[in-house]
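These are my notebook entries on one structure. I set down what I looked up, topic by topic.

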Amino acid sequence: MAETVSQAGWVENFLQVALDSQNYYLISAGATSILFRSMVGGVNDQSVLTYDPNLYRHWRVRHDQSSNAVSFETSADGDAWTTRKTATAAFSLTAVKFYLMAGAWGTGNGNPGAAKYDNFQFIASSTPLPPPSCTPPTSLIISEFRFRGSGGPADEFIEFYNNSDSAITVCTADQSSGWALAARSADGTSASTLFVIPAGTIIPGRGHFLAVNDSPDGYSLKDYAAGAGSNATGDLIYTGGIEDNSGIALFKTSNSSNFTTANRLDAVGFTGSSGAIPDLYREGSGLNPIGSINGEYTFVRNIPNGSGGVPSDTNNNSSDFLFLSTNGGVFGGTASKLGAPGPENLFSPIVRSVMPLLFVDDTVTGSVPPNRVRDLTSDPANNSTYGTLSIRRRVVNNTGTSVTRLRFRITGITTFPVPSGTADMRARTSTAVTISNVNDANTCATLGTPSYPPCSVTVQGTTLERPPGQPSGGGYNSTLMVTLPQPLAAGASLNVQWLLGLQQTGSFQFFIIVEALP
Amino acid sequence: MYTLGPRPLRVWNEGGRLFSLALLVNLIGAMFVTPNWRAEAFIDLTRNPADATTSVSASAIEALDDMTLTIRESGFEPSEVTRPAGKFLLSVDNKSGVAQITLRLSRVGSGHVRDIVVPKDATDWAEELDLQPGMYDLTELNHPNWNCRITVN
């Protein structure tokens, strides 16, 4: 206290460390007294001494982690401190607020003077306690990864997915620092920790967490879109790298001596090596190796038809993961399907299965306009040698809150390479179109002009998100974004189209999931 | 952000060759699409999906008929269809409440032709069929009383 207010009448100044109005620690001087108060759950425990502005010039509230005690201390010079009161820290100190206040109350003092505080400091402990022990949640899985990319061997990322509807907080049973992602060597004789997701990290239900290699020529997809105005940068960065065709595992501990199957949350790796270490770093027999060739490829979990957007997790890597590339190429003898990497981080849109996709016009079937429109105009330069198919739906915001970011991820599509009789479809960017003679009363009521049938409606176009560049068109895991000029209000709906170029005609399937952010 | 220390594990293996473009277009499938495609497909055996192909006129592109059946709790709507022989796209609007639909196509007098699993929760879907003249019955595997008679002339 460089200067206290007058001690006459109803004036005081105080330092408060507060969780809320029922839980705080307080040092207060006024009316010639100094008060040290511990308020826990609304129960007051305080000590009062006679105030001396010189003896009590410096104030300190100190928490001792080892004893979990809170000490109220004063000092005349800021060096020698005297404990005036102690209490047990009985409420959470992880998110408290600090208040420095001064004021006069009532009419008892017409000239209270001024208070001056200086040298306020918040000093963190240099020796933090280990995180508390817990039973770790088990729903985090490796959802997408690559050990090499178009930028070279360091162009890596590992995406994790909280495969549950509830947020999880990273914690450990052995009080280690977090969950380790470890990688094995190519020959399968050793393994080591690549990074640790720290204890306390919170991953939302159905949300993602992204770790990227920050080495030179490392992760190259940082400009892929994530949340509104943000991109898919790493939530965690690491250096070094993962060997081609090796394996990784996520453990619910960072203590390497506890890297066992019992502590393994997930693993994915390749065939080619045998033994205890390779087996720990894969599930099932593993993925087919892809050589050591740079490419715009990725391994991503398959999202089975009818799963509501929930990825496959059968503990068999070869059936759980798809190998995709932007050219549908063959890498190291392993064929990929046309698709794209789509890394997601904590800020990326989350799957919203509560946003239904309805026909734009439910008075006609799904195979005719305006719900499905076939254009026979050949456009080879845009992957549409046999014309296009526009699939149009009305998406309804049933999330209960406004949506600011909306996109659609392709989880199933007949695309390159395909057998005869099957359509080869390539997702393209499209623009808005206006259609008339819509006879669906609900569509007209929400989006039509006039608001009753028959009406005209606008169907918004969607943009194939880049990077990566997708010169062959979008396929599996590609995302198509719709621009929202304003948030889509709760209960509101929007007509959208997905434009698909046809490089071969035949039977087709098209599956998407809705990803959105409030 | 958390920066982790170096991890001297990698042994680079960059001796591989680039095979990514060695892709075969499925010629058999392409052959019966159009005459234009048939001629071109025999020339280009290693098509990359990014390669632009020769433009095809709209009249040359086979615009397959769409035949859509609606399935309700009572069965198919319509329950009888007459159509010309040849290829068409079959779509199903499933409003039956049954989650998994498997269609069974049988030729009257000849028996089973094929089963078609309607993909659950597809945003869109169609199955290409090529039927010769005759009479066919389309049923649902677990609801044999649901029947659509398809007469192909």
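Entry 1, a strand pair and its sheet.

Which residue in E3(A) is the bridge partner of A:Ile27? I looked it up in the model, which is predicted, and found A:Phe36. I then noted the strands concerned: strand E2 (residues 23-30) of chain A pairs with strand E3 (residues 33-40) of chain A over 7 bridges, in the antiparallel sense.

I followed the pairing outward from there. The open sheet consists of 5 strands of chain A in the order E4-E3-E2-E1-E8, with antiparallel pairing. Strand E4 (43-50) and strand E8 (97-104) of chain A are at the edges; each has a single partner strand, so one side of each is left without a neighbour in the sheet. I recorded an average turn of 15° between neighbouring strands of this sheet, direction ignored. For reference, I noted that strands of a sheet pair through backbone hydrogen bonds.

Entry 2, domains.

I consulted the domain assignment of chain A, which gives domain 1 (11-104), domain 2 (140-348) and domain 3 (351-517). Between the C-alpha centres of domain 1 and domain 2 of chain A I noted 48 Å.

Entry 3, nonpolar cores.

Which residues touch the most other members of the largest nonpolar core? I found A:Leu181, A:Ala182, A:Ala211 and A:Ile248, in a core of 114 residues. Strand E35 (residues 508-517) of chain A contributes the largest share of this core, 8 residues. Apart from it lies another core of 14 residues, and A:Ile27 from my first entry is among them, as are A:Leu15, A:Tyr25 and A:Val61. I add the general remark that nonpolar side chains tend to be buried together in soluble globular proteins.

I then listed the residues that A:Leu181 touches beyond four places in sequence: A:Ile158, A:Leu194, A:Phe195, A:Ala211, A:Ile248 and A:Leu250.

From that list I took up A:Leu250, which is found in strand E17 (residues 247-251) of chain A. A:Leu250 has 20 other C-beta atoms within 10 Å; because 20 or more count as buried, A:Leu250 is buried. Neighbours within four places aside, A:Leu250 is in contact with A:Leu140, A:Ile142, A:Trp179, A:Leu181, A:Leu265 and A:Asp266. Its C-alpha atom is 9.0 Å from that of A:Ala183, a residue 67 places away along the chain.

Entry 4, arginines in strands.

Is A:Arg184 buried or exposed? I found 28 C-beta neighbours inside 10 Å, and A:Arg184 therefore counts as buried. A:Arg184 belongs to strand E12 (residues 178-184) of chain A. Beyond four places in sequence, its contacts include A:Ser190, A:Ser246, A:Gly269 and A:Tyr281. I also noted 10.0 Å between the C-alpha atoms of A:Arg184 and A:Arg282, which are 98 residues apart along the chain.

I next examined strand E29 (residues 424-428) of chain A. Here 5 of the 5 residues are buried, so E29 is largely enclosed by the rest of the structure. A:Asp424, A:Arg426 and A:Arg428 point one way from E29(A), while A:Met425 and A:Ala427 point the other way. E29(A) is joined by 5 bridges to strand E34 (residues 493-504) of chain A, and the two run antiparallel. Opposite A:Arg428 in E34(A) I found A:Leu499.

Entry 5, chain B.

I counted 2 helices and 9 strands in chain B. From the N terminus on, the helices precede the strands: α-α-β-β-β-β-β-β-β-β-β. Buried residues make up 22% of its 153 residues. Of the contacts in chain B between residues at least 6 apart in sequence, 54% join residues at least 24 apart.

Notes. Residues numbered from 1 in each chain as written. Chains lettered and ligands numbered in written order. Predicted model: local features only at pLDDT ≥ 70, side-chain atom pairs only at ≥ 80, totals over all residues. Pairing = 2+ DSSP bridges. Axes fitted to C-alpha atoms, helices over the stretch in contact; angles between N-to-C directions. Domains from an automatic or database assignment. Buried ≥ 20, exposed ≤ 12 C-beta atoms within 10 Å, placed from the backbone. Contact = placed C-beta atoms within 7 Å. Core = buried A, V, L, I, M, F, W, Y, C linked by C-beta atoms within 7 Å.
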